[in-house]
Amino acid sequence: MNKKMIALQQVARRTISSSARRQVENKVPQKQKRFQEDNGMPVHLKGGSFDAVLYRTTMALTVLGTGYVVYELVKAAFPQKK
């Protein structure tokens, strides 16, 4: 039992070490440069085509959701008579 606890402690100590297994390139400066340049494009579309699709999808869901809420409010305000 004691050997298992020592082995578990060693495994836990190894996985929570401060050294990185692989170095990852820092892409933040390139992204900052791209997003801060003044090219007349809104910041929410500077990420490329994926950002444009995401923006349009969000706007469509917002408009549809707002329309549905208004529909349900009107339906609740004027209930049908039996």
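**Reading a predicted helical chain**

Modeller: Let's start with one side chain: lysine 75 has a relative accessible area of 44%, so this residue is partly exposed. Keep in mind that we are looking at a predicted model.

Colleague: Happy to. With which residue does lysine 75 form a salt bridge?

Modeller: The idea is to look for a Lys or Arg nitrogen within 4 Å of a carboxyl oxygen of Asp or Glu. Here the partner is glutamate 72, and the closest N and O atoms are 3.6 Å apart. By this rule, the count comes to one salt bridge.

Colleague: Where do glutamate 72 and lysine 75 lie?

Modeller: Both belong to helix α3, which spans residues 49–77, and they sit three residues apart, about one turn of the helix.

Colleague: Is glutamate 72 buried or exposed?

Modeller: Buried means under 20% and exposed over 50%. Glutamate 72, at 26% relative accessibility, therefore counts as partly exposed.

Colleague: And which elements make up the protein chain?

Modeller: From the N terminus on, the order is α-α-α, with three helices and zero strands.

Colleague: How should I read the radius of gyration of the protein chain?

Modeller: Set it beside a compact globule of 82 residues: that would come near 12 Å, whereas the protein chain has 27 Å. Its C-alpha atoms fill a box of roughly 75 × 50 × 15 Å along the principal axes, and buried residues make up 2% of the 82 residues.

Colleague: How many positive and negative side chains are there?

Modeller: The protein chain carries 15 positive and 5 negative side chains, and the centres of the two sets lie 18 Å apart.

Note on methods
Residues are numbered from 1 along each chain as its sequence is written. This is a predicted model: local features need pLDDT of at least 70, side-chain atom pairs count only at pLDDT 80 or more; totals for chains, interfaces and linings use all residues. Side-chain values use heavy atoms; hydrogens and water are left out. Helices (H or I, at least four residues) and strands (E, at least two) are DSSP runs, numbered from the N terminus. The radius of gyration is taken over C-alpha atoms; the globule rule is 2.2 Å times the number of residues to the power 0.38. Buried means under 20% relative accessible area, exposed over 50%, partly exposed in between (1.4 Å probe, protein chains only). Lys and Arg count as positive and Asp and Glu as negative; His and the chain ends are not counted. The place of a charge is taken as NZ of Lys, CZ of Arg, CG of Asp or CD of Glu. A salt bridge is a side-chain nitrogen of Lys or Arg within 4 Å of a carboxyl oxygen of Asp or Glu.
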